[in-house]
Structures are given as C-alpha cells and as structure tokens.
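Here are a few exercises to work through with the model open. Try each one yourself before reading the solution.

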Amino acid sequence: MKYTHIAFGMTLLLSLSLFRINASADTYISFSSNRSGNFDIYVTDIFGNNLRNLTNHPAYDGDVTWAPDGDSFAFVSNRDGHRDIYIMDVDGIATQRLTNHPEEAAQPDWSPDGNWIVFTSDRESRENYDIYKIGVNGRNLQRLTKHRAYDSAPVWSPDGKQIAFSSHRDGPVSIYVMNAEGKHIRRVTQAEVRSISPSWSPDGKQIAYSANFAGSGIYVMDMHRKEVRRVTPMEIWSKHPAWSPDGDWLAYDMEPENPWGNPKELDQNIYIVPANGGRPRQITAHAGKDRDPAWVPAEFFSVSPSTEKQTTLWGRLKQSENAAK
C-alpha cells in the first residue's frame with residue numbers, strides 16, 4: 001500500500017508537470033473561421049487539436065487581439081448592425097461594445113500596457129481609412145492619421161511607443177511606423193513592393209509582414225540593419241503573420257497559388273513556420289476559411305485560479321470535452 005501511494009503521488013506530480021507544459025505560452029492560437037457557416041472565433045493548440053469556439057453568434061466575429069493579461073480579447077463583429085469593436089471576457093459572460101459608429105471599425109490591436117486599442121476606421125470619410133486609438137473603457141478616442149489614403153492594420157511595438165501600419169499614401173502600399181501619438185511617420189519597406197499586415201517581434205527588433213514578390217509571402221525585416229528575409233515558401237499566398245511570444249515562430253494564414261489570380265476562391269488555413277525560415281507546419285485543415293491567427297497569452301492558461309478568476313480556459317475546455325463525451 002505504501003508503494004502504491006508513492007507511485008500515485010509520482011504520477012500526480014508528473015501529470016501536473018505535463019499539465020503546466022501543455023498550458024505554456026506558445027501552444028495555443030486563436031483565429032477566425034467560417035467553418036460553421038459564419039465567421040466565429042476559435043482556439044486550437046499548435047498541433048491542430050483541442051479546437052474550441054470562443055464566440056458562437058450568427059453575425060460576423062473576427063480580427064482577434066488579446067489583452068496582455070489574457071483575461072479578455074477584443075474582436076470585430078457586426079452583431080448590432082455594422083462592424084464595431086467588442087471586448088469579451090474569456091468566460092464569455094461579459095461583452096462590452098467598445099465602438100459605436102455607422103462606419104466600419106476593423107483590425108484592432110491591444111496596447112502592451114493594456115490601456116488602449118488601436119484600430120482602422122473610415123468614420124471621417126468613406127473614401128479614406130485612418131488609424132485611431134481608444135481607451136479600453138471606451139473613452140478618449142483619438143485620430144492618429146489623417147491622409148487621403150488607406151491606412152490599415154495598425155500594430156503596437158512591444159514597448160508601446162510606436163505603431164506600425166500599412167498605407168498606400170506614397171504609391172504602392174507599404175509598411176510605415178509612427179509614434180504612439182501619430183507623429184514622425186516614416187516608411188520602412190521598399191516603395192516598389194506591395195507590403196501589408198505588419199507584426200512586431202517580441203523584442204521589437206524585427207517586423208514581419210506580407211509582401212507580393214512571387215505570390216504573397218511572409219518576410220521579416222531587421223529594423224536596425226534593414227535586412228529582409230523570406231520565411232515562407234515561394235509561389236504561396238501567405239498573409240497576416242503573428243509572432244509567437246518567445247519570438248521563435250510565426251503563425252499566418254495561407255492559400256495555394258491561384259493561377260487565375262483570385263486567391264479568395266481557395267481554401268484558407270493556419271500555418272506556423274520558424275521565424276528564421278524552414279518547413280511550415282499546417283495547424284488547421286478545413287474546407288472553410290481559417291484566417292487572422294493570434295497567439296494566446298500564457299496567462300490565459302493559468303492552472304491556479306485566483307480569487308479574482310476562479311475559472312480558467314483550461315478548465316472550461318476540459319468541461320466542454322467532458323460534456324461532449
């Protein structure tokens with residue numbers, strides 16, 4: 001009996017250890033998908049297992065960005081008639097409408113300090129999209145760009161001091177960087193090459209983006225040396241890169257090359273690839289469109305509920321699995 005107790009204790013400790021490993025920062029990715037008919041938000045591990053819904057609504061839900069503490073996420077939805085930005089707690093109970101305007105709000109990104117969300121909107125002119133930021137309490141809306149161009153896909157630098165975005169203000173769409181107040185705007189990619197969807201590396205030294213050289217591929221630029229490398233295969237439509245928290249991987253959505261030049265008609269799935277380049281790993285495989293990946297923060301998978309947060313996502317996933325059996 002004594003040895004049985006010892007064996008049981010060792011098994012329990014091993015299980016808890018594996019539990020922590022499985023709930024690490026780099027193991028889960030959220031994305032939007034229309035696999036059930038309309039776009040909703042899902043989460044899966046990097047092996048394509050443990051797929052779960054985070055939203056389940058007849059409207060469009062997409063463009064996910066996570067709060068730094070992992071307690072909530074912001075997303076775009078037209079559930080109230082037009083596309084606005086919403087914030088939802090991870091338990092799915094509380095949903096806050098952050099913006100409320102007849103014109104579109106899109107592509108939100110949560111600031112590293114947790115206080116702001118930057119986004120794209122055409123609220124000032126239907127001919128132009130500009131970059132705005134708003135407090136997570138829905139107050140203090142600020143317009144950061146004002147240009148007769150399409151400014152889109154804003155993302156915060158890890159220190160919160162800069163914002164990268166896409167724009168065609170000087171010709172072909174390129175990647176630009178400005179400070180957090182919308183000042184000192186400068187182009188950082190080649191003007192001759194169409195570049196979109198920037199994403200900062202966790203150390204702030206590199207920017208990944210999608211560029212249209214031979215098909216739309218994922219490239220990484222060293223911000224100091226201005227060196228550029230391609231990390232995805234040639235002749236592949238690859239878009240919307242997102243860095244893993246440790247900086248080792250890039251998630252993206254990908255479509256096979258379309259000889260008719262219209263990739264929107266093809267299947268779309270989520271992949272990851274080493275940030276230094278290498279063989280991609282396919283994460284999702286579905287006839288629907290899976291897109292806009294975002295890595296889930298480590299805090300979201302805490303295995304020790306606090307007094308403020310008695311329920312964890314891992315617990316909810318296990319409860320959902322048990323209910324489905």
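**Exercise 1.** Find which residues leucine 98 touches, leaving out those up to four places away in sequence, and place leucine 98 in the largest nonpolar core.

*Solution.* Keep in mind that this is a predicted model.
- Step one: list the contacts. Leucine 98 touches Ile85, Tyr86 and Ile87, then Ile117, and finally Ile134, Gly135, Val136, Asn137 and Gly138.
- Step two: look at the core. It has 14 residues, and leucine 98 is among those touching the most other members, along with Ala74, Ile85, Ile87, Trp110, Ile117 and Phe119.
- Step three: ask which strands feed this core. At least two residues come from each of strand 5, strand 6, strand 8 (105-110), strand 9 (116-121) and strand 10 (130-135).
- For background, nonpolar side chains tend to be buried together in soluble globular proteins.

**Exercise 2.** Work out whether the two faces of strand 10 are covered or not, and find the partners of strand 10.

*Solution.*
- Step one: count. Six of the six residues in strand 10 are buried.
- Step two: split them by side. Asp130, Tyr132 and Ile134 lie on one side, with Ile131, Lys133 and Gly135 on the other, and all are buried, so both faces count as covered (the cut-off for buried is under 20% relative accessible area).
- Step three: pair the strand up. Strand 9 runs antiparallel to strand 10 over six bridges, and phenylalanine 119 has tyrosine 132 as its bridge partner.
- Step four: go to strand 11 (residues 142-143), which pairs with strand 10 in the antiparallel sense over two bridges. Here lysine 133 sits opposite glutamine 142.
- Step five: check the turn. Six residues separate strand 10 and strand 11 in this hairpin, and glycine 138 has a positive phi of about 85 degrees.

**Exercise 3.** Trace methionine 88 to its opposite numbers in strand 5 and strand 7.

*Solution.*
- Step one: start with strand 6 (residues 84-89), where five of the six residues are buried.
- Step two: strand 5 (residues 72-77) joins strand 6 through six bridges, running antiparallel. Phenylalanine 73 is the residue opposite methionine 88.
- Step three: strand 7 (residues 95-97) is also antiparallel to strand 6, with three bridges. There, methionine 88 has threonine 95 as its bridge partner.
- Step four: compare the turns. The hairpin of strand 5 and strand 6 has six residues between the strands, with glycine 81 at a positive phi of about 115 degrees. The hairpin of strand 6 and strand 7 has five, and glycine 92 takes a positive phi near 75 degrees.

**Exercise 4.** Is tyrosine 60 buried or exposed, and what does it touch?

*Solution.*
- Step one: locate tyrosine 60 in the loop between strand 3 (52-53) and strand 4 (61-66).
- Step two: read off the accessibility. Tyrosine 60 has 8% relative accessibility, so it counts as buried.
- Step three: collect the contacts. Leaving out residues up to four places away in sequence, tyrosine 60 touches Phe39, Val76, Ser77, Asn78, Arg83 and Arg291.

**Exercise 5.** Find which strands stand at the edges of the open sheet with the order 3-2-1-24.

*Solution.*
- Step one: note that these four strands pair in the antiparallel sense.
- Step two: strand 3 and strand 24 (290-295) each have a single partner strand, so they stand at the edges, with one side of each lacking a neighbour in the sheet.
- Step three: check an inner pair. Strand 1 (residues 28-33) and strand 2 (residues 40-45) share six bridges, and serine 32 is partnered with isoleucine 41.

Technical notes
Residues are numbered from 1 along each chain as its sequence is written. This is a predicted model: local features need pLDDT of at least 70, side-chain atom pairs count only at pLDDT 80 or more; totals for chains, interfaces and linings use all residues. Side-chain values use heavy atoms; hydrogens and water are left out. Buried means under 20% relative accessible area, exposed over 50%, partly exposed in between (1.4 Å probe, protein chains only). Contact means heavy atoms within 4.5 Å. Two strands pair if DSSP finds at least two bridges between them. A nonpolar core is a set of buried Ala, Val, Leu, Ile, Met, Phe, Trp, Tyr and Cys residues joined through side-chain atoms within 4.5 Å.
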